[in-house]
Amino acid sequence: MGLSSLFLVLIPLLTSFAVCQLEEFVSIDCGGTSNYTDSNTGLAWISDSGIMQHGISVEVETPNGSTVQHQRRRDFPIDSKKYCYTLSTEERRRYLVRATFQYGSLDSGDTYPQFQLYLDATKWATVSIYDASRIYVKEMIIRAPSNSS
């Protein structure tokens with residue numbers, strides 16, 4: 001009887017924990033033109049057009065063209081500037097940051113790209129795309145900085 005009571009208590013706790021995590025989850029479609037929900041995963045995606053004022057959103061040809069989030073990309077000027085998203089965080093809280101990339105060529109015969117990812121001032125990763133059919137994934141767990149006065 002004790003084990004079944006523990007099981008009944010754990011299920012509501014785990015369920016509420018999962019719901020809280022989903023409410024705090026954000027998926028940003030870099031180059032997307034509108035918000036949508038992915039019918040395969042149920043994840044809600046937001047366009048970066050409201051949080052990124054630089055670069056140009058362009059339609060691409062994807063080898064596996066079935067995923068909406070890989071059908072557009074944002075092209076940035078070739079210069080030495082950093083183009084960043086600014087997202088609100090909770091002080092000293094840990095966040096999983098996941099970025100996925102798939103090469104999508106234009107008709108002009110683009111070359112495979114290579115670029116750096118930064119979180120705040122920290123270099124996170126260099127993304128080098130060599131295979132047009134592969135989805136590249138970079139993940140990092142960060143802790144939001146504390147406000148220092």
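A contact here means heavy atoms within 4.5 Å. Keep that in mind as you look over the whole chain of this predicted model: among contacts with a separation of 6 or more, residues 24 or more positions apart account for 51%.

**Start with everything on screen**

Show the chain as a cartoon. You should find one helix and nine strands, and reading along the sequence gives the pattern α-β-β-β-β-β-β-β-β-β. Now switch on the surface. The accessible surface comes to about 11,100 Å², and 56% of that belongs to carbon and sulfur atoms. Of the 149 residues in the chain, 21% are buried.

**Colour by confidence**

Next, colour by pLDDT. The chain averages 76, and 74% of the residues score at least 70. Where is confidence lowest, and where is it highest? Select helix 1 (residues 2-23) for the low end, with a mean of 39, then strand 2 (residues 36-37) for the high end, at 91. Over residues 1-22 the pLDDT is below 50, and that stretch has one contact in the model beyond near neighbours in sequence. Take that part of the picture lightly and move on.

**Select the three-stranded sheet**

Pick strands 1, 2 and 3. They make an open sheet with the order 1-3-2 and mixed pairing. Strand 1 (27-29) and strand 2 are the edge strands, each pairing on one side only. As a general point, strands of a sheet pair through backbone hydrogen bonds, either parallel or antiparallel.

Follow strand 1 across to strand 3: these two run parallel and are joined by three bridges. Click Asp29 and look for its bridge partner in strand 3, which is Ser47.

Now go to the other side of the sheet. Strand 2 and strand 3 pair in the antiparallel sense over two bridges. Tyr36 has Trp45 as its bridge partner in strand 3. The two strands form a hairpin with six residues between them, and in the turn you can pick out Gly42, with a positive phi of about 80°.

Stay on strand 3 and show its side chains. Which residues are on the covered face? They are Trp45 and Ser47, while Ala44 and Ile46 are on the uncovered one.

**Step into the next loop**

Select Asp48, which lies in the loop between strand 3 (44-47) and strand 4 (56-59). Is Asp48 buried or exposed? Its relative accessibility is 0%, so Asp48 counts as buried. Leaving aside residues up to four places away in sequence, Asp48 touches Ile28, Asp29, Cys30, Gly31, Gly32, Arg74 and Tyr85.

Ile51 has its place in that loop between strand 3 and strand 4 too. With 32% relative accessibility, Ile51 counts as partly exposed, because the partly exposed class runs between 20% and 50%.

**Finish on the surface**

Keep Ile51 selected and add Val26, Ile46, Tyr85 and Leu87: together these five make a nonpolar surface patch of about 390 Å². You have already met two of the others on this tour: Ile46 on the uncovered face of strand 3, and Tyr85 among the residues that Asp48 touches.

Methods
Residues are numbered from 1 along each chain as its sequence is written. Side-chain values use heavy atoms; hydrogens and water are left out. Helices (H or I, at least four residues) and strands (E, at least two) are DSSP runs, numbered from the N terminus. Buried means under 20% relative accessible area, exposed over 50%, partly exposed in between (1.4 Å probe, protein chains only). Patches are made of residues with over 30% relative accessible area and no salt bridge: like charges are joined within 9 Å, nonpolar side chains (Val, Leu, Ile, Met, Phe, Trp, Tyr) within 5 Å. Accessible areas come from the Shrake-Rupley method with a 1.4 Å probe; for residues, only the protein chains shown count as cover. A salt bridge is a side-chain nitrogen of Lys or Arg within 4 Å of a carboxyl oxygen of Asp or Glu. pLDDT is the predictor's confidence in each residue, from 0 to 100. Two strands pair if DSSP finds at least two bridges between them.
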